[in-house]
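Please open the model in your viewer and keep the selection panel at hand. The tour below proceeds one selection at a time.

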Amino acid sequence: MTAILEKTKLPFADLGVSTGGEIENLFRQLTELADAEQRKVITDEEREEFRVRWLGRNDSVRVRVKRNWLDTAPKEMRRWVGTYFQYFSEHVESAYSYVKLAGEILEVDKPEDLSLPGVIRPIGTHHLIRQVFQEIEDIFFSIGFSVVEGPEIETPYYNFEALNIPEFHPVRDDMDTFYLELPKGAPGPLLLRTHTSPVQIRTMEKRQPPVRVIVPGKVYRRDNPDATHSFMFHQIEGLAVDSDITFCDFTGTIDYFVKQFFGESVKTRFRPSYFPFTEPSVEFDASCIFCEGTGTAKSGGTCGKCKGVGWIELFGAGMVDPAVYGFVNYDPKKVSGFAFGIGIDRLAMLKYGIDDIQAFFQNDVRFLRQFP
Ligand code: PHE
């Protein structure tokens with residue numbers, strides 16, 4: 001076979017051919033040799049060797065055939081030699097592109113290289129509500145509170161009675177909520193908790209003072225949805241009970257929290273309020289973060305956020321009503337404490353300038369992406 005390669009070094013006159021058939025035969029031998037070699041090509045190096053040997057610019061088979069056979073062929077033979085040379089050249093080129101393509105396919109089929117960096121898939125972020133939970137939790141962690149959680153399905157005892165809200169109490173009107181439809185004979189009733197306060201009771205049942213906990217979670221109320229109402233929202237309950245907790249500790253803690261959350265320059269105030277499970281009860285306000293408490297918007301008009309009052313209502317709180325201690329076997333003469341219930345959605349709306357609570361629950365990524 002390789003004799004044919006030797007012949008590529010000879011000028012046309014020395015090939016001993018004189019007819020088209022003989023010329024064709026020479027080229028056929030060459031082509032067969034090229035094909036045989038091509039079939040053995042496996043590695044990248046072998047592919048490159050094949051290319052250089054048959055098609056390279058310097059002294060490849062093709063270059064030699066052109067220089068020795070074609071260029072020296074007598075005029076009358078040149079047409080034959082030229083035509084077969086052309087066929088041969090194209091054949092070897094396509095043989096080469098075939099191995100090249102096969103190489104690329106093999107490349108794709110190679111076992112995965114586990115050391116390569118992986119495909120990076122976009123990961124979601126924490127929902128703004130989750131982020132605000134964490135912000136608030138961190139603030140309370142810094143002053144010794146820890147997190148506890150409780151069930152979203154409650155008994156009326158924990159949601160109401162043990163919080164000093166007996167069945168006939170008028171505040172139940174606002175709170176009466178979603179009762180569960182239970183199978184016949186099941187102990188009941190059960191309801192979706194209307195606030196995180198039942199976890200105050202659950203915690204005090206299990207722990208002795210000192211107690212310092214916060215309770216993040218979902219709560220449910222029978223409300224019609226609008227820009228500030230949702231039948232489900234989020235609260236963080238706070239409870240601190242110890243032998244010597246004063247009203248001063250209470251307001252100081254709240255003031256610390258509000259300043260950490262909204263900024264040092266924000267002032268707090270409290271107004272008398274009413275909750276059956278705290279006495280005295282208060283409603284905390286913060287100086288309006290939009291008009292800095294002036295009541296006048298930057299544009300000159302009345303501040304739309306606080307309606308010109310300079311204060312924004314934040315959340316309810318109070319000193320734990322001694323009656324509640326009776327439900328958890330704490331001695332009201334020996335312990336005192338405070339509790340608060342922060343509406344997370346409302347606080348997040350205030351801090352991040354969101355004017356529709358529904359935006360939290362619509363899962364619109366254009367909204368969610370604004371809080372990475
Ligand atoms: N549970 C009350 C509410 O949801 C808030 C609150 C909690 C008030 C703790 C006082 C003390 O409205």
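Two strands pair if DSSP finds at least two bridges between them. The model is a predicted one.

**First selection: residues 278-287 and 311-320.** These ranges are strands β7 and β8. β7 and β8 pair in the antiparallel sense, over 8 bridges. To follow one bridge, select E283, whose partner in β8 is G316.

**Second selection: residues 336-343.** This range is β9. β9 runs antiparallel to β8, and 4 bridges join the two strands. Display A317 here, which stands opposite F340 in β9.

Why is β8 largely enclosed by the rest of the structure? Of its 10 residues, 7 are buried, so β8 is largely enclosed.

**Third selection: the ligand and its shell.** Select H195, S197, E237, F275, T278, G316, A317, G318, A339, F340 and G341, the residues around the ligand. Two elements, β8 and β9, give two or more residues to this shell. Colouring the shell by residue class shows 4 nonpolar, 6 polar and 1 charged. G316, A317 and F340, met in the strand selections, belong to the shell as well.

**Fourth selection: residues 75-109.** This range is helix α5, with 35 residues. From its first C-alpha to its last, α5 reaches 51 Å, close to the 51 Å expected at 1.5 Å a residue. Within α5, pick out the buried residues V81, Y84, F85, F88, V92 and A95. Then add residues 20-40, 44-55 and 61-70: these are α2, α3 and α4, against which the buried residues of α5 pack.

Technical notes
Residues are numbered from 1 along each chain as its sequence is written. This is a predicted model: local features need pLDDT of at least 70, side-chain atom pairs count only at pLDDT 80 or more; totals for chains, interfaces and linings use all residues. A residue is near a molecule or strand if its C-beta atom, placed from the backbone, lies within 6 Å of it. Ala, Val, Leu, Ile, Met, Phe, Trp, Tyr, Cys and Pro count as nonpolar, Asp, Glu, Lys and Arg as charged, and the others, Gly among them, as polar. A residue is buried if 20 or more other C-beta atoms lie within 10 Å of its own, exposed if 12 or fewer, and partly exposed in between; C-beta atoms are placed from the backbone. The expected span of a helix is 1.5 Å times one less than its number of residues. Two residues are in contact if their C-beta atoms, placed from the backbone, lie within 7 Å.
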